[in-house]
Amino acid sequence: MTDIIADTSKSRSELAIIIAGVARDPLGLIGLIIVGSIVFSAVFASWIVPYDPIAMNIPDRMQGPSGTHLLGTDQLGRDTFSRVISGGQVALKVALPAIFGAMTIGLTLGMIAGYGPKWLDNFLMLLFDTIRSFPTVMFALAVVALVGPSLQTVVFVVMATSIPTYGRVARTQTLTLRNSEFILAERAMGASMARILGVHMLPNIIGVLAVLAAMDIPTVIALEAGLSFLGLGVKPPTPSWGVLLKDGYALIRQTPWLVVGGGLPIILATLGFTFLGESLRDVVDPKLRKNR
Amino acid sequence: MTETLLEIDNLSVDYETARGDLKALRDISFDVNRGEIVGIVGESGCGKSTLISAILRLIAPNTRFRNGAIRFKGDDLLTRTEDQMRALRGGDISIVFQDPMQTHNPVITIGKQMVDIQHRAMTSKKEKLATAAKMLGAVGIPDPEARLKQYPHEFSGGMRQRIAIAMALMSEPDLLIADEPTTALDATLEVQIIERLKDLQRDFGCAILFISHHLGVIAELCDRVVVMYAGAVVESGTVREIFHNPKHPYTRRLIECDPGHIKARARILPTIPGEVPDLANLPDGCIFRDRCDQAVACCAQVPPLTRLSEGHNAACWLNHAEEVA
């Protein structure tokens, strides 16, 4: 299986072509800028934040936006802007590993289900359907009740509940492809199963899944925020957009800026990743890549 | 002396269906010699495709080999394991499929596909790319180095089919199976592909098993012809014998029905009346009897494929004067 996964890495030039294609589309460019700034601010969070996001300063509590505190402060006097930036870091720390893990596992299982024997397909589909039959939040509640709230728990819950989505898409694509003439041609030319799956089917499936993943990231970010809002996600004092919203919700009469600070990035991230995902969908399909 | 490369010996293949066994191939026998081009002709559903999938053993799960043998270079392919078969496919036996628009992976560049198909060769990627470019040049694709970087949709249908031929010949096979390679192309391209195949066959010296329902193409390209009808060989012989001296009523009617053969402008194009018999429920006697205008009493018996002259066989009682009389 390792050689199959190794093949997912696109060469630099291909990546450059894709990025250039996305940037040419106005919505794609907006998405790219938003996503780029979120990623940038998350990576360099410790240099960007003006204050320590968990340092309390009770005398300056619940202030509005000002030159010293760009987005004001919360009930404990912590700088909201610093907490928003660090919250982005937490959001990506959950979303990226969870999505990557779910995509890799879902892709592998889905391709096996689609290409392998019928009984294995049935078994995997049963497994996927079983997982999908749990409502995500209920499943999260159960897991948190068992192992306690933490970042890892959120990642695990998101990953486990997303695998069936990727698995099903990968399976459907594999099923469509396995009877296509070029796969038959490959078989007639003596390609092994690993070669057919890894070299020939994977590039046909990965684009669809990458688009799905890009569109899925905001859902995961919202889920993390939701779980944190319910107190099931990251533990305080770690800043998360969900925690920010939760505090802001309680204090909305005293200071509305916490809700803005927690809500706006979620909205921006959702828009950004969705624009990027849609634009990516148009670009990664070489059949649509006519005019270049 | 010519050496037999592929020998199909009394091959019978059934498809197990809910309606009972579909007798897709019945007692098929013919040879392909080294460096020879053999055409297989017959209407749709006569078992041409089943024959190819049987040779390569890329069969549907409900396929059953009833009896007979497929001997390639003397050893029976039906006794080979799946791994041994896989080594043969794209090695000693290659294939070109019917529809060039579907035969390449749409999301991988032609160069990458042509490098990938050389997975058995123990050469560097650079050498494989050079081989790929050389092969593209050999099938007449201009500027091959640059075109290796392009995707299949950037080529025309005729070019794609030539690329498919290049890929099939890359392993320098002993036998190239061409499954109606020109059916999906227009007439001018058809000629182009045929000429190309002829040239390549001369250069590479491989035998070609050419499947088509187009008699003109067969006459142009092949050395020998096997005429199939409803899963059986009705006549086989040299191109000259088959086209000038057909000995089976089906072959005769098939030639009459070829639009290229009709001289005068006709109001109604000739056809063969009737339908191909139901293969799951075969009638007794000669399978062509119901559609044959020369059927006689003894056609109630299955006629054997009989040798009429050197390299010319037909399965019809009319060639057995004493029994018809």
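Two strands count as paired when DSSP finds at least two bridges between them. Keep that cut-off at hand as you work through this predicted model.

**Exercise 1. Work out how strand S9 of chain B is paired, and in which sense with each partner.**

Step 1. Start with strand S10 (residues 232-238) of chain B: S9(B) and S10(B) are joined by six bridges and run antiparallel. Within this pair, Val227(B) lies opposite Glu235(B).

Step 2. Look at the turn between them. The hairpin of S9(B) and S10(B) has two residues between the strands, and Ala230(B) has a positive phi near 45 degrees there.

Step 3. Now take strand S3 (residues 37-41) of chain B, which is parallel to S9(B) and linked to it by four bridges. Here Ile40(B) faces Val226(B) of S9(B).

**Exercise 2. Decide whether the faces of S9(B) are covered or open.**

Step 1. Recall that side chains in a regular strand alternate between the two faces of the sheet.

Step 2. Sort the residues by side. Arg224(B), Val226(B) and Met228(B) are on one side, with Val225(B), Val227(B) and Tyr229(B) on the other.

Step 3. Check burial, for which a residue needs 20 or more other C-beta atoms within 10 Å of its own. Both sets are buried, and both faces are therefore covered.

Step 4. Conclude: six of the six residues of S9(B) (residues 224-229) are buried, so the strand is largely enclosed by the rest of the structure.

**Exercise 3. Find the order of the four-stranded open sheet in chain B and say which strands form its edges.**

Step 1. The order is S2-S1-S4-S5 in chain B, and the pairing is antiparallel.

Step 2. The edges are strand S2 (20-33) and strand S5 (75-76) of chain B; each has a single partner strand, so one side of each lacks a neighbour in the sheet.

Step 3. Follow one pair closely. Strand S1 (residues 4-17) of chain B is antiparallel to S2(B), with 10 bridges between them, and Glu7(B) sits opposite Asp31(B) of S2(B).

Step 4. Add the helix: H1 (residues 48-56) of chain B packs on this sheet and touches S1, S2 and strand S4 (63-72) of chain B. The direction of H1(B) makes about 70 degrees with that of S2(B).

**Exercise 4. Describe helix H6 of chain B and its surroundings.**

Step 1. Check its length. H6(B) (residues 157-169) has 13 residues and spans 18 Å from first C-alpha to last, close to the expected 18 Å.

Step 2. Ask how enclosed the helix is: 12 of the 13 residues of H6(B) are buried, so the rest of the structure largely encloses it. Among them are Arg160(B), Gln161(B), Arg162(B) and Ile163(B).

Step 3. Name the packing partners. The buried residues of H6(B) pack against S6, helix H3 (110-116), helix H4 (125-138), strand S7 (175-179) and helix H7 (187-204) of chain B.

**Exercise 5. Characterise the side of chain B that touches chain A.**

Step 1. Count the participants: the contact takes 23 residues from chain B and 16 residues from chain A.

Step 2. Locate contributors in chain B. Helix H2 (82-88) and strand S6 (93-96) each supply at least two residues of that side.

Step 3. Classify the residues on the chain B side: 10 are nonpolar, nine polar and four charged.

Technical notes:
Residues are numbered from 1 along each chain as its sequence is written. Chains are lettered from A and ligands numbered from 1 in the order in which they are written. This is a predicted model: local features need pLDDT of at least 70, side-chain atom pairs count only at pLDDT 80 or more; totals for chains, interfaces and linings use all residues. Two residues are in contact if their C-beta atoms, placed from the backbone, lie within 7 Å. Ala, Val, Leu, Ile, Met, Phe, Trp, Tyr, Cys and Pro count as nonpolar, Asp, Glu, Lys and Arg as charged, and the others, Gly among them, as polar. The expected span of a helix is 1.5 Å times one less than its number of residues. Axes are lines fitted to C-alpha atoms, for helices over the stretch in contact, and angles run from 0 to 180 degrees between N-to-C directions.
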